Amino acid sequence: MFPYLLTNFILFIFVSIAFAFYTASERNIDAAEESRHRSLQIANELRQSSDQLTNLVRLYAIQKEPKFKAYFQRILEIRNGVRPRPNEYDYAYWDLVIADQLPPPSEEGEKISILDAMKQAGFLESDFLLLSLSKEKSDQLTKIEFESMSMIDRELKTGKSNPKAVAILFDDQYLKFKAEIMKPINDLYHQLDDRTTQAILDAKEKVFFLRTVLILSGIVFGISLYFTHRSLVSIMGGSVDEVFRLISLLGEGKFTGDIQILNDNKTILNSLNTTQKRLQELYEKTEMASRAKSEFLASMSHEIRTPLNGVIGITQILFETDLDAEQKSYLKTIADAGKALLNILNDILDFSKIDAGKLTIQKTPFHLANLVREIFDLFAIEANTKQLEFKFEINPDVPEVIVSDPSRIRQILFNLIGNAIKFTETGFVILSIKKEEHSILFQIKDSGIGISYEKLTSLFQKFSQVDTSTSRKYGGTGLGLAISERLVGLLEGKIGVESVKGVGSTFWCSFPLSIEEETNSYQIEISSPVSKQIPISDSLEMNKKPNVVPFDGKRVLVVEDNVLNQKVIGGLLKKQKIQSESNSFHHHCSDSPCLK
């Protein structure tokens with residue numbers, strides 16, 4: 001594998017260098033053409049300016065119009081860099097000016113002489129000497145032309161005609177100087193053509209050679225890549241696509257599927273297959289451990305909650321007996337401890353279900369105000385004991401019936417409101433419900449102890465509390481907010497908190513707003529219209545019901561395998577003046593009516 005990779009690397013470097021020389025040779029052809037074009041442009045300007053000067057001086061000598069003399073002087077100033085060169089300064093420029101089809105040149109443009117233009121163009125020494133010689137001959141010819149214009153000026157002043165003023169512009173000496181101007185320029189033309197042609201030929205030979213080298217290098221490079229691919233496939237033990245597919249599956253955590261162990265143990269694909277097999281075994285062990293944990297928690301839930309509910313039930317029955325103040329105090333302590341233990345157990349079981357992904361969301365339409373009132377009724381006694389302002393506010397634009405999981409929303413609000421009351425000694429606890437664009441927002445604001453800013457980041461972690469002092473003073477497992485955050489996530493919502501230590505906190509959560517258009521198809525128990533702002537005292541009054549005993553004088557058969565629960569149920573039935581008979585097994589009473 002390594003020799004092929006090294007060969008490919010060397011070939012790549014070689015091809016890159018050859019391509020750089022190839023593009024440089026192509027640029028040399030363009031540069032030669034560009035240099036020839038610039039040189040010819042300057043040479044033509046010198047030749048054309050000399051021709052234009054001759055035409056203007058002859059027109060002035062014949063027509064005696066002052067504008068021709070002015071144009072003559074302007075051409076010399078432009079050529080010598082005294083006046084700026086017009087932007088469209090070509091061979092036909094002055095012909096159009098003389099014919100009055102263009103205005104005389106303005107003062108806009110670059111001031112540059114012919115000699116400076118030759119230097120900027122990077123002329124070779126031989127080219128520069130030829131054009132310099134041509135300019136010297138043009139300057140000598142200009143002296144004769146100035147002499148002719150002087151004669152014309154005197155003729156205009158004196159009114160006497162001077163035939164010599166025209167004759168010197170057509171005699172042999174003038175024509176000889178004119179020819180001497182063109183000879184260096186013609187030589188420059190031939191010199192530029194020869195040099196440019198040779199440069200282009202040399203560059204084309206290099207281009208042909210380098211093109212051949214690139215083609216051959218490409219063929220060798222392709223052959224080397226082919227052998228590299230074969231070597232790579234041999235090392236991998238299969239196609240590159242198969243290897244990357246397996247790597248992608250492992251990266252996504254998909255460990256299950258068919259596993260093919262190859263004969264060659266040294267291939268990458270075989271190593272990946274072996275890794276997949278080991279991960280699959282670990283995954284199956286983890287699944288078994290998770291199932292065992294779930295079964296254990298389910299079993300423990302029954303084994304612990306059954307006697308615990310019995311203890312709590314017995315305390316409720318004892319409260320109805322004749323007790324003195326001290327006995328009631330002890331009994332209340334037992335009941336409170338039992339309820340606290342039951343809440344802790346429920347939190348642990350709920351969190352375990354969420355953690356194992358076994359908790360399902362069941363969305364149904366429900367009456368929001370009724371759900372909120374039920375929660376407030378549960379906390380009414382505790383809030384009144386602390387003399388808190390305890391109320392909820394629902395904005396008028398909030399729909400009465402929404403579609404979500406009412407049990408999970410009840411659990412979330414129960415945790416948040418319970419925490420607010422727990423950590424608020426004086427002041428208020430207020431729940432406000434608002435409708436946003438596509439969601440519904442719940443805000444629980446309290447005037448409790450508050451939370452410092454640095455503690456907010458760890459607030460929703462499991463078994464987390466603000467500090468140990470709150471745990472000792474107020475109790476709790478630290479699971480309530482963690483469970484609420486997980487439940488909000490399952491409902492595709494968001495949860496957060498804003499708090500100032502010593503001032504209070506505002507916990508908020510939002511859920512996607514879903515409204516069932518045809519709610520008549522569902523069995524929804526909706527009471528009379530609910531006020532949008534209900535103090536908890538009014539809610540308590542509405543919740544009171546008359547004590548009705550519909551089974552007075554009846555007999556009931558209680559089938560329960562737990563003796564403690566039999567006693568609890570029997571005691572509750574006795575309070576309702578119902579005679580009962582208990583049995584531990586259902587098949588023992590199959591012949592007896594359960595209700596007489």
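Which loop is Lys64 found in? Lys64 sits in the loop between H1 and helix H2 (66-79). Before the close-ups, a word on what you're looking at: this is a predicted model, where local features need pLDDT of at least 70, side-chain atom pairs count only at pLDDT 80 or more, and totals for chains, interfaces and linings use all residues. Residues are numbered from 1 along each chain as its sequence is written, and side-chain values use heavy atoms, with hydrogens and water left out.

**View A. Two residues, Lys64 and Gln387, with positive phi.**
Most residues other than glycine have a negative phi. Lys64 goes the other way, with phi near 60 degrees. Gln387 isn't a glycine either, yet its phi is about 55 degrees. You'll find Gln387 in the loop between helix H11 (368-385) and strand S2 (389-394). Helices and strands here are DSSP runs numbered from the N terminus (H or I, at least four residues, for a helix; E, at least two, for a strand). Are these two residues buried or exposed? Lys64 counts as partly exposed, at 27% relative accessibility, while Gln387 is exposed, with 70%. Buried means under 20% relative accessible area, exposed means over 50%, and partly exposed is in between (1.4 Å probe, protein chains only).

**View B. A nonpolar patch on the surface.**
Which residues make this patch? They are Leu6, Phe9, Ile10, Phe12, Ile13, Ile17 and Phe21, and together they make about 710 Å² of nonpolar surface. Ile10 has its place in helix H1 (residues 2-63). To join a patch, a residue needs over 30% relative accessible area and no salt bridge; nonpolar side chains (Val, Leu, Ile, Met, Phe, Trp, Tyr) are joined within 5 Å, and like charges within 9 Å. The areas come from the Shrake-Rupley method with a 1.4 Å probe, and for residues only the protein chains shown count as cover.

**View C. Inside the second largest pocket.**
About 580 Å³ of space lies in here. A pocket is an open set of points on a 1 Å grid over the protein atoms alone, with protein on both sides within 12 Å along at least five of seven lines; lining residues have an atom within 4 Å of a point. Grid points are joined across faces, edges and corners, and the volume is the space filled by probe spheres set on them. The lining has 23 residues, and Gln41, Ile42, Glu45, Arg85 and Tyr89 are the ones nearest the centre of the pocket. H1 and helix H4 (114-120) are the elements that give two or more residues to this lining. H1 gives the most, with 10 residues. Sorted by type, the lining holds 9 nonpolar, 9 polar and 5 charged residues. Here Ala, Val, Leu, Ile, Met, Phe, Trp, Tyr, Cys and Pro count as nonpolar, Asp, Glu, Lys and Arg as charged, and the others, Gly among them, as polar. Now pick out Ile42, which has its place in helix H1 and is buried, at 10% relative accessible area. The C-alpha atoms of Ile42 and Ile114 are 7.2 Å apart, although 72 residues separate them along the chain.

**View D. Salt bridges around helix H11.**
How many salt bridges does the structure hold? There are 13, each one a side-chain nitrogen of Lys or Arg within 4 Å of a carboxyl oxygen of Asp or Glu. Arg410 pairs with Glu374, their closest N and O atoms being 3.3 Å apart. That pair links helix H12 (residues 406-422), home of Arg410, to helix H11, home of Glu374, across 36 residues. Both partners count as partly exposed: Arg410 at 32% and Glu374 at 41%. Glu425 and Lys386 also meet, at 4.0 Å from N to O. Glu425 is in the loop between H12 and strand S4 (428-435) and Lys386 in the loop between H11 and S2, so the pair ties together parts 39 residues apart in sequence. Lys391 and Glu389 bridge at 3.4 Å, N to O; Lys391 is buried at 14%, whereas Glu389 is partly exposed at 39%.

**View E. A salt-bridge network and an exposed lysine.**
Arg79, Lys135 and Asp139 are linked in a network of salt bridges. Then there's Lys577, in the loop between helix H16 (563-575) and strand S10 (579-583). Lys577 is exposed, with 61% relative accessible area. Its C-alpha atom is 8.1 Å from that of Lys554, 23 residues away along the chain.

Technical notes
1 Å grid on protein atoms, 1.4 Å probe; cavity = no way out; pocket = protein on both sides within 12 Å on 5 of 7 lines; lining within 4 Å.
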